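Work through the exercises below with the sequence and the coordinates at hand. Each task is followed by a solution in steps.

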Amino acid sequence: MKVTKHEWHQVDSQYTFELDENFLAEVYPDLTEDEIKIKMLRLLTKLDPIEDVMNDAWDAEVEIDWDHDYDDWWTSRKGGYDVTYEIEIGRAHV
């Protein structure tokens, strides 16, 4: 018989990309160069939430080339994950 152990973790997967004025121009094609610079400054100073830009990029179907940074399996470090087991019974070979 084979026993399989399942560990049910929570993980923080982090991805990055370089947001620049060209990206903002793709997301907001109706903005002028000056308006794009102002938008960038408002993002840098956290006057505008980055979540709005990410949602607008999604709505505008602007592709983002995310780079996988790392995974933090924090339940592996701190505990608190569930463990389950299952049994697989195979046929005996004669």
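**Exercise 1.** Classify glutamate 21 by relative accessible area, then describe its salt bridge with lysine 37.

Step 1. The relative accessible area of glutamate 21 is 33%, so the residue is partly exposed. The classes are: buried under 20% relative accessible area, exposed over 50%, partly exposed in between, with a 1.4 Å probe and protein chains only.

Step 2. Glutamate 21 and lysine 37 meet through their side chains in a salt bridge, at 3.7 Å from N to O. A salt bridge here is a side-chain nitrogen of Lys or Arg within 4 Å of a carboxyl oxygen of Asp or Glu.

Step 3. This pair links distant parts of the chain, with lysine 37 in helix α2 (residues 33–44) and glutamate 21 in helix α1, 16 residues apart. Helices (H or I, at least four residues) and strands (E, at least two) are DSSP runs, numbered from the N terminus.

Step 4. Lysine 37 has a relative accessible area of 42% and is therefore partly exposed.

The model is predicted: local features need pLDDT of at least 70, side-chain atom pairs count only at pLDDT 80 or more, and totals for chains, interfaces and linings use all residues. Residues are numbered from 1 along each chain as its sequence is written, and side-chain values use heavy atoms, with hydrogens and water left out.

**Exercise 2.** State how many salt bridges the rule gives, and work out the ones made by glutamate 7 and aspartate 48.

Step 1. The count is six salt bridges.

Step 2. Glutamate 7 pairs with lysine 5 through their side chains, at 3.2 Å from N to O. Glutamate 7 is at 36% relative accessibility and counts as partly exposed; lysine 5, at 48%, also counts as partly exposed.

Step 3. Aspartate 48 bridges to arginine 42, and their closest N and O atoms are 2.9 Å apart. Aspartate 48 is buried, because its relative accessible area is 14%. Arginine 42 is partly exposed at 33%.

Step 4. Lys39, Arg42 and Asp48 are joined into one network by salt bridges that share partners.

**Exercise 3.** Find the aromatic pairs and say which residues they link.

Step 1. Rings of Phe, Tyr and Trp (its six-membered ring) pair if their centres lie within 6.5 Å; planes under 30 degrees apart count as stacked, over 60 as edge-to-face and the rest as tilted. Two aromatic pairs result.

Step 2. For phenylalanine 17 and phenylalanine 23, the ring centres are 5.1 Å apart and the planes stand at 65°, so this pair is edge-to-face. Phenylalanine 23 counts as buried, at 7% relative accessibility.

Step 3. Phenylalanine 17 also pairs edge-to-face with tryptophan 66, at 4.8 Å centre to centre and 80° between the planes. Phenylalanine 17 lies in the loop between β2 (12–16) and α1 (21–27), and tryptophan 66 in the loop between α3 (50–59) and β3, so the pair ties together parts that are 49 residues apart in sequence.

Step 4. Tryptophan 66 counts as partly exposed, at 39% relative accessibility. Through the ring pairs, Phe17, Phe23 and Trp66 form a cluster.

**Exercise 4.** Describe the surroundings of aspartate 71 and aspartate 72 in strand β3.

Step 1. Aspartate 71 is in strand β3, and aspartate 72 is in that strand too, which covers residues 67–72. Aspartate 71 counts as partly exposed at 34% relative accessibility.

Step 2. Contact means heavy atoms within 4.5 Å. Leaving aside neighbours within four places in sequence, aspartate 71 is in contact with Val11, Asp12, Ser13 and Gln14. The C-alpha atoms of aspartate 71 and serine 13 are separated by 4.4 Å, although the residues are 58 apart along the chain.

Step 3. A polar contact is a pair of N or O atoms within 3.5 Å; within protein, one must be able to donate a hydrogen and the other to accept it, and residues adjacent in sequence count only if both atoms are side-chain atoms. The side chain of aspartate 71 makes such contacts with the side chains of serine 13 (2.7 Å) and histidine 68 (2.9 Å).

Step 4. Aspartate 72 makes a side-chain polar contact with the side chain of arginine 77, at 2.8 Å.
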